[in-house]
Amino acid sequence: MTALFRITMMFVGYVWACIAASLVLALGTLTPEWNDLFNSFGPQSHEVQSAAMWTIVGLGAFMIFVVGFLPTLLVIVITEGFALRSIVVYGVIGGALALAMAYGLDFAGYRAPADVDIARQREVFAAAGIAGGLVYWLFAGRRAGLWK
């Protein structure tokens, strides 16, 4: 029963981590231009903003879940096997995993078009990965390896 509960908590932690990463990614990407996007909607702009934001977060969480499932599963198996419970480990691994998934393993040599602020994109992706790692730690990582 303990192993089944542990697997369930890992899955729940991963789902919430995807939602947190998507929320940070959406806020970090859209906030600078948010008012410019929705000024034309008039008095209902707050309802439109809220609905649009949660739609973006939901779709982003689904994409993060699908794209990141196998790499994250590998990291979860390693952290469970070695019983790594440090919050720092999950934050660092989350940030590194997000950058690696966004830019590939050669993200230092990534070239973007001239009008894209690549440093800001890297910061937002790293922050999203760190947030996801910390939320996963909150649900499942702080008890990693206790099932043994």
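**Exercise 1. Around Trp137**

Work out which residues Trp137 is in contact with, leaving aside its neighbours within four places in sequence.

*Solution.* Start from the tryptophan side and list its partners.
- Trp137 is in contact with Arg85, Ser86, Ile87, Tyr90 and Arg142 once neighbours within four places in sequence are set aside.
- Keep in mind that this is a predicted model, so read every value here as computed from it.
- Next, place Trp137 in a group: it belongs to the largest nonpolar core, which has 8 residues in all.
- The other members of that core are Met10, Ala17, Ile76, Tyr90, Tyr136, Ala140 and Ala144. Tyr90 is thus both a contact of Trp137 and a member of the core.
- Finally, ask which elements give two or more residues to this core: they are α1 (2-30) and α5 (118-139).

A general remark fits here: in soluble globular proteins, nonpolar side chains tend to be buried together.

**Exercise 2. The overall fold**

Describe the secondary structure of the protein and the order of its elements.

*Solution.* Count, then order, then look at the packing.
- The protein has 5 helices and 0 strands.
- Read from the N terminus on, the elements run α-α-α-α-α.
- The protein has 148 residues, and buried residues make up 31% of them.
- Now take the contacts with a separation of 6 or more: 79% of them are between residues 24 or more positions apart.

**Exercise 3. Two polar residues in helices**

Decide whether Ser22 and Thr79 are buried or exposed, and find the backbone oxygen that each side chain reaches.

*Solution.* Take Ser22 to begin with.
- Ser22 sits in helix α1.
- Its relative accessibility is 3%, and because the cut-off for buried is under 20%, Ser22 counts as buried.
- The side chain of Ser22 reaches the backbone oxygen of Val57 at 2.7 Å.
- Not counting residues up to four places away in sequence, Ser22 touches Ile56, Val57, Gly60, Ala61 and Ile64. Val57 therefore appears both as a touching residue and as the owner of that oxygen.

Then repeat the steps for Thr79.
- Thr79 lies in helix α3.
- With 2% relative accessibility, Thr79 counts as buried too.
- A polar atom of the Thr79 side chain lies 3.0 Å from the backbone oxygen of Ile76.
- Beyond neighbours within four places in sequence, Thr79 is in contact with Leu84, Tyr90, Ile93 and Ala144. Among these, Tyr90 and Ala144 are members of the largest nonpolar core.

**Exercise 4. Two pockets**

Characterise the largest pocket and the second largest pocket by volume, lining and residue class.

*Solution.* Begin with the largest pocket.
- The space in the largest pocket is about 510 Å³.
- Its lining has 25 residues, and Ala21, Ile64, Thr72, Ala98 and Met101 lie nearest its centre.
- α1, α3 (45-81), α4 (87-103) and α5 each supply at least two of the lining residues.
- By class, the lining has 19 nonpolar, 6 polar and no charged residues.

Go on to the second largest pocket.
- Its volume is about 220 Å³.
- The lining includes Ile7, Met10, Phe11, Tyr14 and Trp147.
- α1 and α3 each supply at least two lining residues, and the largest share, 7 residues, comes from α3.
- By class, this lining has 9 nonpolar, 2 polar and 1 charged residues.
- As a last step, compare the lists: Thr72 is in the lining of the second largest pocket and is also one of the residues nearest the centre of the largest pocket.

**Exercise 5. A backbone angle and two helix pairs**

Find what stands out in the phi of Ala83, then give the C-alpha separations of Pro71 from Met101 and of Ala102 from Ala126.

*Solution.* Look at the angle, then at the distances.
- Ala83 lies in the loop between α3 and α4, and its phi is near 55°, a positive value in a residue other than glycine.
- Most residues other than glycine have a negative phi.
- Ala83 is partly exposed, at 23% relative accessibility.
- Pro71 is in helix α3 and is partly exposed at 28%. Pro71 and Met101 are 30 residues apart in sequence and 8.7 Å apart, C-alpha to C-alpha. Pro71 touches Leu97 and Met101, not counting residues up to four places away in sequence.
- Ala102, in helix α4, is partly exposed at 32%. From Ala102 to Ala126 there are 24 residues in sequence and 9.5 Å in space, C-alpha to C-alpha.

Notes. Residues numbered from 1 in each chain as written. Predicted model: local features only at pLDDT ≥ 70, side-chain atom pairs only at ≥ 80, totals over all residues. Heavy atoms only, no water. Core = buried A, V, L, I, M, F, W, Y, C linked by side-chain atoms within 4.5 Å. Buried < 20%, exposed > 50% of the residue type's maximum accessible area, 1.4 Å probe, protein only. Helix = DSSP H or I, 4+ residues; strand = E, 2+ residues; numbered from the N terminus. Contact = heavy atoms within 4.5 Å. Polar contact = N/O pair within 3.5 Å; in protein donor to acceptor, adjacent residues only side chain to side chain. 1 Å grid on protein atoms, 1.4 Å probe; cavity = no way out; pocket = protein on both sides within 12 Å on 5 of 7 lines; lining within 4 Å. Points joined across faces, edges and corners; volume = space filled by probe spheres on them. Nonpolar A, V, L, I, M, F, W, Y, C, P; charged D, E, K, R; others polar.
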